[in-house]
Amino acid sequence: CRFLRLGFIASSGLHLLLVMLKLAGADGGHAGLLKYYPGALSCPKASLASLVMHALVVFAALTPPAKVPKSTGSSTTPVALEAVPVASPGASPTAQESLSNPSLGQRAM
């Protein structure tokens, strides 16, 4: 899980850095953007959404995970068991039991 977080930080952070350099004019300014990346300016809302999403990924990956207190004693966690209804001895079988058990007077096809 740690390597996944580091990969998100590195890849999304590098993407944001490269986009900021492009917007700052590192490869020709506005004319370079129009020539090399026409899609970035043809749909600015999608480009902005992509930048916000990458920034959110970097922020989420940099946020430390919540601390989970370690339990003392056994290393296993207790599991709650579901209560199973018990039928009285004289009760007739339910519809589900009669469908799943062919020995209750049903013929197999």
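L18 sits in helix α1, which covers residues 2-24. This is a predicted model, and in it L18 has a relative accessible area of 44%, so the residue is partly exposed, a class that lies between the 20% and 50% cut-offs. L18 also belongs to a nonpolar surface patch, together with L14, L17 and L21. The patch comes to about 360 Å².

K22 is in helix α1 too. What is the relative accessibility of K22, and how does that count? The value is 25%, which is over the 20% limit for buried and under the 50% limit for exposed, so K22 counts as partly exposed.

Stepping back to the whole fold, the protein chain has five helices and zero strands. Read along the sequence, that gives the plain pattern α-α-α-α-α. The chain runs to 109 residues, and 9% of them count as buried.

Now for the open space. Rolling a probe the size of a water molecule over the atoms shows where empty space is left. The largest pocket holds about 280 Å³. It is lined by 13 residues, and the closest to its centre are V19, L23, A40, S47 and L51. Which elements give two or more residues to this lining? They are α1, α3 (38-42) and α4 (44-62). Of the elements, α4 gives the most, with five residues. As for chemistry, the lining divides into nine nonpolar residues, three polar ones and one charged one.

Further along the chain, T63 lies in the loop that links α4 to α5, where α5 covers residues 95-100. T63 has a relative accessibility of 36%, so this residue also falls between the 20% and 50% limits and counts as partly exposed.

Both T63 and K22 can be paired with a residue elsewhere in the sequence, and the table gives the C-alpha distances.

| Pair | Separation along the chain | C-alpha to C-alpha distance |
|---|---|---|
| T63 and R5 | 58 residues | 9.7 Å |
| K22 and G32 | ten residues | 8.5 Å |

In words, T63 and R5 are 58 residues apart along the chain, with 9.7 Å between their C-alpha atoms. K22 and G32 are ten residues apart in sequence, and their C-alpha atoms are 8.5 Å apart in space.

Notes
Residues numbered from 1 in each chain as written. Predicted model: local features only at pLDDT ≥ 70, side-chain atom pairs only at ≥ 80, totals over all residues. Heavy atoms only, no water. Patch = residues over 30% accessible without salt bridge, like charges linked within 9 Å, V, L, I, M, F, W, Y side chains within 5 Å. Areas by Shrake-Rupley, 256 points an atom, 1.4 Å probe, with all protein chains shown as cover. Salt bridge = Lys/Arg side-chain N within 4 Å of Asp/Glu carboxyl O. Helix = DSSP H or I, 4+ residues; strand = E, 2+ residues; numbered from the N terminus. Buried < 20%, exposed > 50% of the residue type's maximum accessible area, 1.4 Å probe, protein only. 1 Å grid on protein atoms, 1.4 Å probe; cavity = no way out; pocket = protein on both sides within 12 Å on 5 of 7 lines; lining within 4 Å. Points joined across faces, edges and corners; volume = space filled by probe spheres on them. Nonpolar A, V, L, I, M, F, W, Y, C, P; charged D, E, K, R; others polar.
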